[in-house]
Amino acid sequence: MLDRLNQVMEHIETHLDRRLEGPELARIALTSEFHLRRMFSALAGLPLSEYIRRRRLTVAGAEVLAGGRTLLEVAVRYGYGSAEAFARAFRAMHGVGPGEARRTGAALQSQPRMSFRLIVEGSTTMEYRIVEKDAFRVVGRSARVPLIHEGANPHIAELIRSIPPGTVQRIAELSDQEPEGIVSAVVHHSDSREEGVELDYFHAVVTGADAPEDLDVLTVPAGTWAVFENTGPYPLALQYLWRDVFTEWFPSNPYASRPGPEILRTSPTPDWSEATSQLWIPVERTVT
């Protein structure tokens, strides 16, 4: 997978002056566009579209300073329909307009070209299993919250505190299949995994039962799931597990992520200093 990602990076680099389509890049990576965008965002820390935009403006910035083409020619070469649109994008990245940059030789920002490699330390083993599940429902209470990479998420804590104990008990009684008990389910709305992006968070159970009208419901179709487990300090070990699934496991295994909720079951110690976590990720087997 990393070799294919690097082929995508090479293709992007040699086609910055042309239109780059997601399906085209996915064909080079031999995976779905959804998985390519999800993988890139997890590995690089920014969306694929944002990386392409920054690389174009980096290369365009060099051409602006070189002075060989007019500013309009540079704008058109890198996909901008007008000098005004180019100037806005240029200023947003570099902090200075292209005309002023050319006149003054201003210092510009640079997005380095990316490549990927896997560092194998051999110090940990990631335990996982593959599960086929029929269609089910995620039933409970939900809220739209920002993504926070490290430490507790106060927005999620606020949602959980707002649910009356009686409602929590009613939700728990609906659990009738794996993963059992109260779970957290996350639905991402973009391929970005940057701090602060919004997602839908469910404090809920996995069930085949009909849901009461006062609860939120997410219907999930049948499919394949990769299930990962770890134990360690809470919430740090869990957040590292989430990261390692996308930066280590996916590049090393013949599976790709597919649309669907990411589901987490956490079993903490009484003081919440440690927890055993079970993470369910929707996947599909790739063609090798």
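User: What makes residues 120-124 stand out in pLDDT and in contacts beyond four places in sequence?

Analyst: In this predicted model, pLDDT (the predictor's confidence in each residue, from 0 to 100) stays under 50 over residues 120-124. The model also has 0 contacts (heavy atoms within 4.5 Å) beyond four places in sequence for residues 120-124. For the chain, the mean pLDDT is 88, and 93% of residues reach 70 or more. Local features need pLDDT of at least 70 and side-chain atom pairs count only at pLDDT 80 or more, while totals for chains, interfaces and linings use all residues. Residues are numbered from 1 along each chain as its sequence is written, and side-chain values use heavy atoms, leaving out hydrogens and water.

User: Why is a set of residues called a nonpolar core?

Analyst: The name applies because its members are buried Ala, Val, Leu, Ile, Met, Phe, Trp, Tyr and Cys residues joined through side-chain atoms within 4.5 Å; buried means under 20% relative accessible area with a 1.4 Å probe, protein chains only. The largest such core has 56 residues, of which Met9, Ile12, Phe86 and Phe250 touch the most other members. Helix α10 (residues 236-252) gives the most to this core, 7 residues. A second, separate core of 14 residues includes Val138 and Phe202.

User: How do you know that strands β2 and β5 pair?

Analyst: Pairing takes at least two DSSP bridges. Strand β2 (residues 136-146) and strand β5 (residues 216-220) are joined by 5 bridges and run antiparallel, so they count as paired. Within β5, Leu218 is the bridge partner of Val138.

Key. Buried means under 20% relative accessible area, exposed over 50%, partly exposed in between (1.4 Å probe, protein chains only). Helices (H or I, at least four residues) and strands (E, at least two) are DSSP runs, numbered from the N terminus.
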